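Thanks for making room on the agenda. I will go through the nonpolar cores, then one chain as a whole, then one pair of helices.

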Amino acid sequence: MTSSFFAEKEIYNGLLLSRTIILQELINFLMDYFLELLLGGLTKGSIYALIALGYTMVYGIIELINFAHGEIYMIGAFTALIAASILNMLGLGQITILILASILAIIYSSAYGFTMEKIAYKPLRHSPRLSPLISAIGMSIFFQNYVLLAQTSDFLPFPSLLPEFEFLQPYRHIIRSPEIFILFTTVVVMVLLTVLIKFTKVGKAMRATAQDRKMAMLVGVDVNKIISMTFVIGSSTAAIGGVLIASFIGQINFYIGFIAGIKAFTAAVLGGIGSIPGAVVGSLILGCTESFATGYVLSDYEDVFAFGLLVLILIFRPAGILGKSSSEKV
Amino acid sequence: MKKFRFAWLTKTLAISLALVFSTVFLSSCGKKEEKKAAKAVAPPIKIGVAGAHSGDLASYGIPTVKATELVVKKKNAAGGINGRQIEVLVQDDACKPEFATNAATKLIDDGANVVIGHICSGATKAALSIYKDGKIVTMSPSATNPPLTQSGDYPNFFRTIASDDAQARMEVDFALNTLKLKKIAIIHDKGDYGKGLAEFAREFLGQEKGAEVVLFEGVTPGGLDYSAIVKKIQENGADGVIFGGYHPEASKIVTAMKKKDINIPFISDDGVKDETFIKVAGEYAEGVYATGPKDTSKNPLTIQAIEEHKKAYNEDPGAFFLNAYSAALALVNAIEKSGSTDYDKIVAALRTEPVDTPLGSIKFDAKGDAIGVGFSVYQVQNGAYVEVQ
């Protein structure tokens, strides 16, 4: 009697235990997949964010959607590729190449951004808002074809410049060091830009220019210089994005800027265009949405989910998630 | 006002000049053929060649005319078919179905015994019922649309090119029989070509026993990162991937897979069998399988045909030249072996008498597809594609 009772209890306990184990494994299994998708989405999001930051910054200061921003990113990637190939021949180390190539990419992209503003946007500063927008689209087409003719229409392999950390090797199926690197850089760039705009003298001048250009001029702000500086900073973030993203993906061609630019622009609008943290938040949400849509539904509908989300958010928050809904200046 | 009238005048002038020149051109063509006909002693055997010889797809059609003329010239110089000379009748369809029916009617009126053509699948389909009613054997060097042969509607139709689904068939056979895969993920790039192939692969896998399709999805071409779909492939327990699409997406997916330690076979199509794929994917390309047209460049007949073309036209042959050359050889051979221009006898000879062509030794199956023409499976080994099957 007692023995059978114990036996029963043991069987019962055993059953309970095995059931808990199965449940736990199931949760682990699902969580693992969820976690991987989440991290994948965050990486994708921070890729978008690196480009979206430049978009949103230029828009915040002069209310221009700079469609050629994606092309600046592409030019940054190409410069880095050329620089890395040359430096590689000189036999330098991986980290040195990464840093030197990034610096060169930043200088080149900034020069392009600066020139672009002077040629395509400055003469149109007092025109209706549609004119600079069309000029931006023109610059985008021009830069694409320029690189197409000057370089090649083929895809080119891009060396993986980002270092692989040894201690991450066991977890490489979940997250890899290049992904951490991109996430980290995005956050750093976002913080630096926020500090620059909120707490420095230049930032104050930028905010003044954004609020009222004429008034800023009257109180002694060199508006032309500030706008040029905005373009240079925006282009630098695009160049950093170009180097990191290209070495993460491993291939580039003249068209990458257009596709990435559209997604980054969407992300910037989602987060509230003009807002720096908004661009990052919007990008991360967009990246995760795409990742989960692929993971749990169907990758065919990845874009449907991404843009569906955009529509929904714009219906309920027309200024974007972190955007300020300010009444139009009359 | 004056300016406007001037523009109108020049336009009319240009159009009329174009018309004038085209008639001159056409009449000169006609004369040439008449001369050829006059030379022949016994009633000649007439081979019609129809396809796009003008318009934006002319580059697909003209090599077929040249190929046929080369084969015919050689055969005529050697005494013709059983003592009868061969005459070539050329008709242009500009790749348009409505012109194709006209071309077909014209060829039948002119007494064509067999027809090589047409070039585009749409035009071929439109013309085929006319040839069928006229009991004319028709052989296309380039129409790849699967139903042309598989529907069984056109017993008079043959082709020397593999149909669109042959690649998918090849990929599926390779996956099941050589690699012994059980759970296959099919990924495509949502394009006509890639999705078409992927759908054929799914259909063929559905017919086979012992393997299942665990995933069938399209990815957005040009996407920045395909790690989500790669994780999904792993999550679904696939032991192999069949990809329909081109090399930029393929190299990104392959790279993401290898980086995530997912080492399962990756099988793709001739959109991936490209040197750029190996260049871009680098070390990650190793081991990838891709189907592509059979390598016939070392066949002595191929070398000879290209030599002949270079001698006659001073340039390298264009699209479908070898397929057209093979079609001409097959038809000439069938007429010769059957000893007549009778429809049933030619069809029987095409199905039973193998003929050596630049594409290898070929004959035709009951549906009209050439046996022995098709695709091979290649694998990336040490940075180059190597034929494995």
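**Cores and a helix pair**

This is a predicted model. The largest nonpolar core has 80 residues, and those touching the most other members are Tyr73(A), Met116(A), Tyr121(A), Phe231(A), Ile252(A) and Leu224(B). Helix 8 of chain A, residues 223–249, supplies the largest share of this core, with 13 residues. There is also a second, separate core of 39 residues; among them are Met139(B), Ala349(B), Leu350(B) and Val373(B).

Back to Met116(A). Which residues is Met116(A) in contact with, leaving aside its neighbours within four places in sequence? They are Asn66(A), Ala68(A), Ile72(A), Tyr121(A), Met139(A), Phe143(A) and Phe231(A).

Now chain B. Chain B contains 13 helices and 15 strands. Of its 389 residues, 49% are buried. Taking contacts in chain B between residues at least 6 apart in sequence, 66% join residues at least 24 apart. The exposed area of chain B is about 17,600 Å², and 56% of that comes from carbon and sulfur atoms.

Last, the helix pair. In chain B, the axes of helix 6 (residues 164–178) and helix 7 (residues 192–207) come within 8 Å and cross at roughly 50°. Helix 6 of chain B and helix 7 of chain B are therefore oblique to each other. Their crossing is right-handed. On the helix 6 side of chain B, the contact includes Ala168(B), Val172(B) and Leu176(B), along with Asp164(B), Asp165(B), Gln167(B) and Arg169(B). Helix 7 of chain B contributes Tyr193(B), Leu197(B), Phe200(B), Ala201(B), Phe204(B), Leu205(B) and Gln207(B).

Methods
Residues are numbered from 1 along each chain as its sequence is written. Chains are lettered from A and ligands numbered from 1 in the order in which they are written. This is a predicted model: local features need pLDDT of at least 70, side-chain atom pairs count only at pLDDT 80 or more; totals for chains, interfaces and linings use all residues. Side-chain values use heavy atoms; hydrogens and water are left out. A nonpolar core is a set of buried Ala, Val, Leu, Ile, Met, Phe, Trp, Tyr and Cys residues joined through side-chain atoms within 4.5 Å. Buried means under 20% relative accessible area, exposed over 50%, partly exposed in between (1.4 Å probe, protein chains only). Helices (H or I, at least four residues) and strands (E, at least two) are DSSP runs, numbered from the N terminus. Contact means heavy atoms within 4.5 Å. Accessible areas come from the Shrake-Rupley method with a 1.4 Å probe; for residues, only the protein chains shown count as cover. Axes are lines fitted to C-alpha atoms, for helices over the stretch in contact, and angles run from 0 to 180 degrees between N-to-C directions. Angles under 35 degrees count as roughly parallel, over 145 as roughly antiparallel, 65 to 115 as roughly perpendicular and the rest as oblique. A crossing is left-handed if the near helix is turned anticlockwise from the far one by less than a right angle, and right-handed if clockwise.
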